[in-house]
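This report looks at side-chain interactions in one protein chain, taking aromatic rings, charged groups and a few individual residues in turn.

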Amino acid sequence: MSTAILTGPPVPGSPLEGELRALGFGVRVVTEPSQTPSALASVPAGERVALVDSRFVGHTHSLRLALTDPRFPAAAVPGAVTAQPEARPALAHALDTAVRGEAPAVPGAPLAPAAHPLRQPMPAEGGAPGTEVLPQTDTGDPLPDRLAGLLDADGTAVHRPDLGSLVAAVPASPQQRNEARQSVEAVDEEAVRLRSAVKARDGFFTTHFISPYSRYIARWCARRGLTPNQVTTASLLTALIAAACAATGTRPGYVAAGVLLLASFVLDCTDGQLARYSLQYSTLGAWLDATFDRAKEYAYYAGLALGAARGGDDVWALALGAMVLQTCRHVIDFSFNEANHDAAANTSPTAALSGKLDSVGWTVWLRRMIVLPIGERWAMIAVLTACTTPRVTFVVLLIGCGLAACYTTAGRLLRSVTRRATRTDRAAQALADLADSGPLARGLARALRPLGRALPRVAVPLLALLGAAAVTASAAFTSYGSAWPVLGAAVYTLFSALAVSRPLKGALDWLVPPFLRAAEYGTILLLAARSDTHGALPAAFGLVAAVAYHHYDTVYRIRGGTGAPPRWLTQAIAGHEGRTLLVALLAAVLGGSGFATALTALAVLVALVVLFESIRFWVSAGAPAVHDEGEPA
């Protein structure tokens, strides 16, 4: 239960107390200034608390945005400030400072002594002089506003939501109060709330063909008490049913699969809009939304491959290739963003050109469509599934995703070589975590550290590329069952270890994790395809899916600010180099169905270990939810 403390005598006719109760707050009214600190202290330490000026006039959604968003320890709008348990000590200190009248303008700089800021005679609502009213300072600021300023000065980050056309004010006179009420009535609060539920930046298909009605589905869900996690789960189930329909291998099944895939995407948009509409953000919800997107798409690929097999067409290699390409695209995105997340002097002529193009409306939509985001991609897959065959669907998907990958990677390469940025230790650590080095690579990296430090910066991604080329080329161009892929995997292990033996702070070092992902996934795909063994490719699909889940989970942990998964997990599943070397050894030693069986067992083992640790972490950890703002009101 959250508690709101109304500071000052209640204003006759004000709906403020009822609005706060509707937002889930228990309300306490403090009419005497000296009672404010004790009222704050009486609220249990594990609860959120808000201080709201009793004269506040504004939209309920203004209060909702500031006082109920779970992602921020402290937040404020004019006339209201809130603190979650972790920020409660800072709020209590700020209140004590304000009550004593010693608030510093900046940290360590005391304010000149003045009359007590909470005891000044101020005009009441009717304008009668000599009536003491909370909470004004010597500058005329309401107490919550001054507390927010003191929190900022004390180093506590205070989130101030973008209200746009919404109103939040503390009028000082009856005339100003009437004007504020008129401003409130002039704005359609519900329309603003619906608009704010939609992402500010989204794809063309999502913006124009999904969001215009999915926001109303989100509101319908909110009014019936449904949570974003429930909608996310419904989206997953719908996609799994779509995959099952595709697995029938019949035309009606393919048509139903396409329709259900689009329905799943509508629900996928709805869950985020519901979270923004009702501010029901959570760490678990952010993880479910992100991981279920991958699970839905890759399960659908498997359904298409099963359906094609029923018709006598083996497209498992294409399905696995599509998953490898899509996952590598995501790794490129993650690595580039993490490398430049907090880089100093992070500018380039290419970025400046991109900014200029953003001012030309049609180029914005064109560039968003070229990268084939999830909305456009799923729409294309749904239409092709209903109208063509799984083989055509995968071929078109591979071509489209390949072109999109070339476009985005080329732009990021240009930005990297023209950007004069200094990357931080945090960015280097994030790239090292994304590399997913196991015991072999870590041990070799320590031994080769002097040599690695002597290499030029450009050698780091080049070594990763050469290692990836060695193992994939040996898997692709030598006879299946030979020792050459094992030798290629050994060279890959050596080169990848040398690449990560120094901090990844070079301009192109963000390419190292994508090269390593392409090497591992590509080797598994090539060896399974060349084995010409029944069941090898489906087993390889399962293994890559399990490993890819681990890599996605690593990304979401880094984004949540908790760092990479524990070291024991990486050691247990051998790291990228260990798994690649193991698969090469299995292909060389085992023949026929033995290789498929070994891949299946390895896939099950990896999946069980990473799922156990991932679920344990996301259910129990206190990592912050991913910040995903809707369009400013």
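What follows describes a predicted model, beginning with its aromatic pairs.

## Aromatic pairs

A pair of aromatic rings is described by the distance of the centres and the angle of the planes. Across the whole structure, the search finds 15 aromatic pairs. In one of them, the ring centres of phenylalanine 204 and tryptophan 365 are 5.7 Å apart and the planes stand at 80 degrees, so this pair is classed as edge-to-face. The two partners come from distant parts of the chain, 161 residues apart, with phenylalanine 204 in helix α8 (residues 204-223) and tryptophan 365 in helix α14 (residues 361-370). Phenylalanine 204 is partly exposed, its relative accessible area being 26%, and tryptophan 365 is likewise counted as partly exposed, at 25% relative accessibility.

Another pair is formed by tyrosine 552 and tyrosine 556, whose ring centres lie 6.4 Å apart with planes at 15 degrees, so that this pair is stacked. A plane angle under 30 degrees is what the stacked class requires. Both tyrosine 552 and tyrosine 556 belong to helix α23 (residues 536-559), where they are four residues apart, or about one turn of the helix. Tyrosine 552 and tyrosine 556 are both buried.

## The aromatic cluster and leucine 262

Phenylalanine 204 and tryptophan 365 also belong to one aromatic cluster, which is made up of Phe204, Phe205, Phe209, Phe265, Trp365 and Trp378. Which residues does leucine 262 contact, once its neighbours within four places in sequence are left aside? They are Phe205, Trp378, Ala379 and Ala382, and of these, Phe205 and Trp378 are members of the aromatic cluster.

Leucine 262 itself is found in helix α10 (residues 251-278), and its relative accessible area of 30% makes it partly exposed. The C-alpha atoms of leucine 262 and tryptophan 378 are separated by 7.1 Å, although the two residues are 116 residues apart along the chain.

## Arginine over aromatic rings

Arginine 71 lies over the face of tyrosine 281, at 3.8 Å from the ring centre. The side chain of arginine 71 also forms a salt bridge with aspartate 69, in which the closest N and O atoms are 2.7 Å apart. Both arginine 71 and aspartate 69 are buried.

A second arginine, arginine 557, lies over the face of phenylalanine 617, at 4.1 Å from the ring centre. Arginine 557 also takes part in a network of salt bridges, which links Asp553, Arg557, Glu613 and Arg616.

## Salt bridges across the sequence

The count of salt bridges comes to 17. One of them joins arginine 412 to aspartate 333, with the closest N and O atoms 2.3 Å apart. Arginine 412 is in helix α16 (residues 390-418) and aspartate 333 in helix α12 (residues 316-339), so the salt bridge ties together parts that are 79 residues apart in sequence. Arginine 412 counts as buried, at 17% relative accessibility, whereas aspartate 333 counts as partly exposed, at 23%.

In another salt bridge, the side chains of lysine 505 and aspartate 425 meet at 2.3 Å, N to O. Lysine 505 sits in the loop between α21 (484-499) and α22 (512-531), while aspartate 425 is in helix α17 (residues 425-435), so the pair ties together parts that are 80 residues apart in sequence. With a relative accessible area of 27%, lysine 505 is partly exposed, whereas aspartate 425 counts as exposed, at 57% relative accessibility.

## A surface patch and a buried threonine

On the surface, Leu366, Ile370 and Tyr407 form a nonpolar patch, and together they have about 240 Å² of accessible area. Isoleucine 370 is found in helix α14, the helix that also holds tryptophan 365, and it counts as partly exposed, at 35% relative accessibility.

Is threonine 270 buried or exposed? At 0% relative accessibility, threonine 270 counts as buried. Threonine 270 lies in helix α10, where leucine 262 is found as well. Leaving aside its neighbours within four places in sequence, threonine 270 is in contact with Ser214, Ile217, Ala218 and Val231.

Key: Residues are numbered from 1 along each chain as its sequence is written. This is a predicted model: local features need pLDDT of at least 70, side-chain atom pairs count only at pLDDT 80 or more; totals for chains, interfaces and linings use all residues. Side-chain values use heavy atoms; hydrogens and water are left out. Rings of Phe, Tyr and Trp (its six-membered ring) pair if their centres lie within 6.5 Å; planes under 30 degrees apart count as stacked, over 60 as edge-to-face and the rest as tilted. Helices (H or I, at least four residues) and strands (E, at least two) are DSSP runs, numbered from the N terminus. Buried means under 20% relative accessible area, exposed over 50%, partly exposed in between (1.4 Å probe, protein chains only). A charge sits over a ring if NZ of Lys or CZ of Arg is within 6 Å of the ring centre and within 35 degrees of the ring normal. A salt bridge is a side-chain nitrogen of Lys or Arg within 4 Å of a carboxyl oxygen of Asp or Glu. Contact means heavy atoms within 4.5 Å. Patches are made of residues with over 30% relative accessible area and no salt bridge: like charges are joined within 9 Å, nonpolar side chains (Val, Leu, Ile, Met, Phe, Trp, Tyr) within 5 Å. Accessible areas come from the Shrake-Rupley method with a 1.4 Å probe; for residues, only the protein chains shown count as cover.
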